[in-house]
Amino acid sequence: MPDFHRADPRFSLCGLNCGLCLMYVGGHCPGCGGGNRACALARCAQAHGAVEYCFLCHEYPCKLYEGRGEWDTVSFITSQRRDLDLARAREMGAAAYLGELGEKMDIFQYLLHTCNDGRRKSLFALAANLLPLEDLRRVRSDLTALDAPLSLRAREAARLLDEAARARGIALRLRKKPPRR
């Protein structure tokens with residue numbers, strides 16, 4: 001939508017952590033605020049006074065949110081925490097939430113630049129999206145203390161992230177919708 005632009009595209013109006021998306025990090029996706037997506041939620045936000053986040057709308061949650069969340073709707077970012085992240089941003093305020101998201105983005109960048117052996121970008125994106133900040137801080141701290149070649153750092157990063165996820169009952173996988181039969 002050419003007339004729809006967002007002040008801060010790191011956190012979408014619908015609750016995606018765009019700043020933790022591989023497309024965003026790679027500079028290939030302008031997100032819902034880039035002016036070229038005709039997202040139903042973006043059109044709705046425009047119709048309701050250009051709200052910055054859906055949770056700021058007096059009708060939230062609305063019919064557009066019914067039945068969503070069972071599957072990841074795109075193949076490059078998880079939507080598993082969208083509703084939880086919107087609730088958290090509403091509770092703590094958008095500025096504070098964006099501060100936490102910024103720290104998660106820094107840790108994500110750290111993982112990409114110091115532990116990526118070319119096969120772990122999706123794992124790092126999922127972990128940054130799904131794990132709490134305190135777990136990500138601990139993993140970065142453990143990795144910072146590790147003096148090892150890239151291949152070992154990559155394996156250790158994967159092990160630490162998987163371990164943290166398992167401890168919380170989190171699967172570091174996109175939830176793909178099964179094919180229709």
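A residue is called buried when its relative accessible area is under 20%. With a relative accessible area of 2%, Asn17 is therefore buried. This tour of a predicted model begins with the whole chain and then returns to that residue.

**The whole chain**

Display the protein as a cartoon. Seven helices and zero strands appear, and the order along the sequence reads α-α-α-α-α-α-α. Switch to the C-alpha trace and align the view with the principal axes: the trace spans about 55 × 45 × 30 Å. The radius of gyration is 17 Å, which agrees with the value near 16 Å for a compact globule of 181 residues.

Next, colour the residues by relative accessibility. Of the 181 residues, 43% are buried. A surface representation shows about 10000 Å² of exposed area, 52% of which is supplied by carbon and sulfur atoms. Then select the charged side chains: 28 are positive and 21 are negative, and the centres of these two sets lie 6 Å apart. A contact map adds a further view. Among contacts between residues at least 6 apart in sequence, 72% join residues at least 24 apart.

**First stop: Asn17**

Select Asn17, in the segment that precedes α1 (22-25). Which side chain forms a polar contact with that of Asn17? The partner is Asp85, and the contact is 2.8 Å. Now show the surroundings, omitting neighbours within four places in sequence. Asn17 is in contact with Arg10, Phe11, Ile77, Asp85, Tyr97, Leu101 and Asn129. Asp85 thus appears both in this list and as the polar partner.

**Second stop: Arg120**

Move to Arg120, in the loop that links α4 (94-114) to α5 (121-130). Is Arg120 buried or exposed? Its relative accessibility is 14%, so Arg120 counts as buried.

Display the side chain of Arg120 and look for two interactions. One is a polar contact of 3.3 Å with the side chain of Asp117. The other runs from the side chain of Arg120 to the backbone oxygen of Ala154, at 3.5 Å. Once neighbours within four places in sequence are set aside, the residues in contact with Arg120 are Ala154, Arg155 and Ala158. Ala154 is therefore worth keeping on display, because it belongs to that contact list and supplies the backbone oxygen.

**A distance to draw**

Finally, draw a line between the C-alpha atoms of Arg120 and Tyr24. These residues are 96 residues apart along the chain, and their C-alpha atoms are separated by 17 Å.

Notes: Residues numbered from 1 in each chain as written. Predicted model: local features only at pLDDT ≥ 70, side-chain atom pairs only at ≥ 80, totals over all residues. Heavy atoms only, no water. Helix = DSSP H or I, 4+ residues; strand = E, 2+ residues; numbered from the N terminus. Rg over C-alpha atoms; globule rule 2.2 N^0.38 Å. Buried < 20%, exposed > 50% of the residue type's maximum accessible area, 1.4 Å probe, protein only. Contact = heavy atoms within 4.5 Å. Areas by Shrake-Rupley, 256 points an atom, 1.4 Å probe, with all protein chains shown as cover. Lys, Arg positive; Asp, Glu negative; His and termini not counted. Charge placed at Lys NZ, Arg CZ, Asp CG, Glu CD. Polar contact = N/O pair within 3.5 Å; in protein donor to acceptor, adjacent residues only side chain to side chain.
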